[in-house]
Amino acid sequence: MRRIGITTTIPVEVVYAAGCVPVDLNNAFINSDDPAALVAQAELDGYPRTACGWIKGIYSVVKSSICDAVIAVVEGDCSQTQAMVETLEATGVEIIPFAFPYGRDRDLLRLQIDKLIARLGTTWDAAFEWKHQLDRIRRKVWMLDELTWTQNAFSSFENHYYQVSCSDFNGDPAAFEASIPSPKPTTSDLRLRLGYIGVPPIFTDFYQYVETLGAKIVFNEVQRQFTMPFETNDLVEQYLLYTYPYDIFGRIEDIKREVRRRSIVGLIHYTQSFCFRQIQDLIIRRHIDLPILTIEGEAPTKLDARTRVRIESFVEMLR
Ligand code: SF4
């Protein structure tokens with residue numbers, strides 16, 4: 001089967017409907033045996049030090065022949081994607097552009113999905129059929145998320161991992177569904193309830209470290225969005241409600257609602273070095289009335305000592 005790399009969450013129903021296997025290139029990069037080597041490889045090929053680590057990792061993953069073509073989100077995700085896929089296209093990789101239109105324009109989004117359907121050679125009906133199948137799995141992951149904050153039944157990392165994996169369902173929805181763990185017996189939750197906002201962390205031990213401090217991440221903002229956490233019967237509506245690729249204000253509304261619902265006492269805002277989304281930190285701080293710790297990561301390594309101390313101090317302060 002044809003393997004199609006995706007640079008972020010896209011209407012994955014279309015890829016499955018076309019009989020292809022989606023490969024979330026971010027997850028392939030960070031879960032590889034040696035993600036730091038992939039970043040180094042991109043720099044050896046000429047990537048600047050000041051390019052984003054995720055971008056460099058994705059570039060090298062694609063060069064390792066992990067997929068036959070790449071769906072590149074050139075609007076609504078990342079300001080560096082276009083240049084990155086151009087470096088790949090120059091080496092012969094097939095690039096399929098996709099855009100989440102700024103301003104959440106319904107007609108333009110429908111047109112984008114329509115073009116993707118035509119390019120991959122499938123139909124709207126087949127994509128809807130896959131939506132129904134994937135929604136059944138998504139509901140299980142919604143339940144995992146809910147039981148994380150209502151019953152402490154899943155760890156901070158499990159909450160992150162199963163939600164972030166809904167971008168491509170690990171390329172095998174049936175196997176992914178079977179891998180979703182059963183809830184652990186409920187324990188009394190004495191932990192400090194934190195929320196995590198921003199793109200998924202490039203740090204490899206973030207969730208585990210937070211839990212050693214007696215705190216728990218009970219909300220993973222962007223990862224939760226990858227699960228399409230809303231019931232709809234319409235594919236276009238689904239990808240309009242999805243907050244991540246649009247303006248920051250829709251994300252802020254979602255964050256505020258979940259903070260209230262989950263009784264969160266503090267937020268950790270992860271920002272990636274050299275990412276344009278770092279600028280949005282100032283808007284988030286102006287609009288969300290809660291203690292926020294902003295941390296920054298660059299390379300796929302364990303948390304550095306300074307960031308560990310900052311997280312520890314934040315937890316102590318909240319306590
Ligand atoms: S962290 Fe920012 S710069 Fe890096 S890939 Fe994501 S959106 Fe792009």
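**Two domains, two parallel sheets and a ligand between them: a group meeting talk**

Good morning. I begin with a sheet: β6, β5, β7 and β8, in that order, form an open four-stranded sheet whose pairing is parallel. The strands at its edges are β6, residues 215–220, and β8, residues 292–297, each of which pairs on one side only. Ignoring direction, neighbouring strands here are turned by 30° against each other on average. Please bear in mind throughout that this is a predicted model.

Let me stay with β8 for a moment. Its partner is β7, residues 266–272, and the two run parallel, joined over six bridges. Within this pair, L267 stands opposite I292 of β8. Helix α13, residues 248–262, packs on the sheet, where it touches β5, residues 192–197, and β6. The direction of α13 makes about 165° with that of β5.

I now turn to the other sheet. It is likewise open, with four strands in the order β2-β1-β3-β4 and parallel pairing. Why is one side of β2 and of β4 left without a neighbour in the sheet? Both strands, β4 being residues 94–99, stand at the edges and have a single partner strand each, so one side of each remains without a neighbour. For this sheet, the average turn between neighbouring strands is 30°, direction ignored.

Inside the sheet, β1, residues 3–6, pairs with β3, residues 69–75, in the parallel sense over three bridges. One residue to locate on your screens is G5, whose bridge partner in β3 is V70. Helix α5, residues 81–89, packs on this sheet and touches β3 and β4, its direction making about 150° with that of β3.

Next, the overall arrangement. In total the protein has 15 helices and eight strands. It is divided into domain 1, spanning 3–124, and domain 2, spanning 145–318. The centres of the two domains, taken over C-alpha atoms, are 22 Å apart. Domain 1 contributes 29 residues to the contact, and domain 2 contributes 21.

Which elements of domain 1 give two or more residues to the side that touches domain 2? They are the helices α1 (12–17), α2 (25–30), α3 (35–44), α4 (53–63) and α6 (106–120), together with strand β2 (21–24). By residue type, this side of domain 1 consists of 16 nonpolar, seven polar and six charged residues.

That brings me to the ligand. The residues around it are C52, W54, I55, D77, C78, Q80, V199, Q272, C275 and R277. At least three residues of this shell come from each of domain 1 and domain 2. In character, the shell divides into six nonpolar, two polar and two charged residues. Q272, one of the residues around the ligand, also lies in β7, which covers residues 266–272.

Finally, the overall dimensions. Along the principal axes, the C-alpha atoms fill a box of roughly 55 × 45 × 35 Å. What radius of gyration would a compact globule with 319 residues have? The value would be near 20 Å, and the 19 Å of this protein agrees with it.

To close, I would return to the ligand shell, to which domain 1 and domain 2 each give at least three residues. Thank you for your attention.

Key:
Residues are numbered from 1 along each chain as its sequence is written. This is a predicted model: local features need pLDDT of at least 70, side-chain atom pairs count only at pLDDT 80 or more; totals for chains, interfaces and linings use all residues. Domain bounds come from an automatic or database domain assignment. Two residues are in contact if their C-beta atoms, placed from the backbone, lie within 7 Å. Ala, Val, Leu, Ile, Met, Phe, Trp, Tyr, Cys and Pro count as nonpolar, Asp, Glu, Lys and Arg as charged, and the others, Gly among them, as polar. Two strands pair if DSSP finds at least two bridges between them. Axes are lines fitted to C-alpha atoms, for helices over the stretch in contact, and angles run from 0 to 180 degrees between N-to-C directions. A residue is near a molecule or strand if its C-beta atom, placed from the backbone, lies within 6 Å of it. The radius of gyration is taken over C-alpha atoms; the globule rule is 2.2 Å times the number of residues to the power 0.38.
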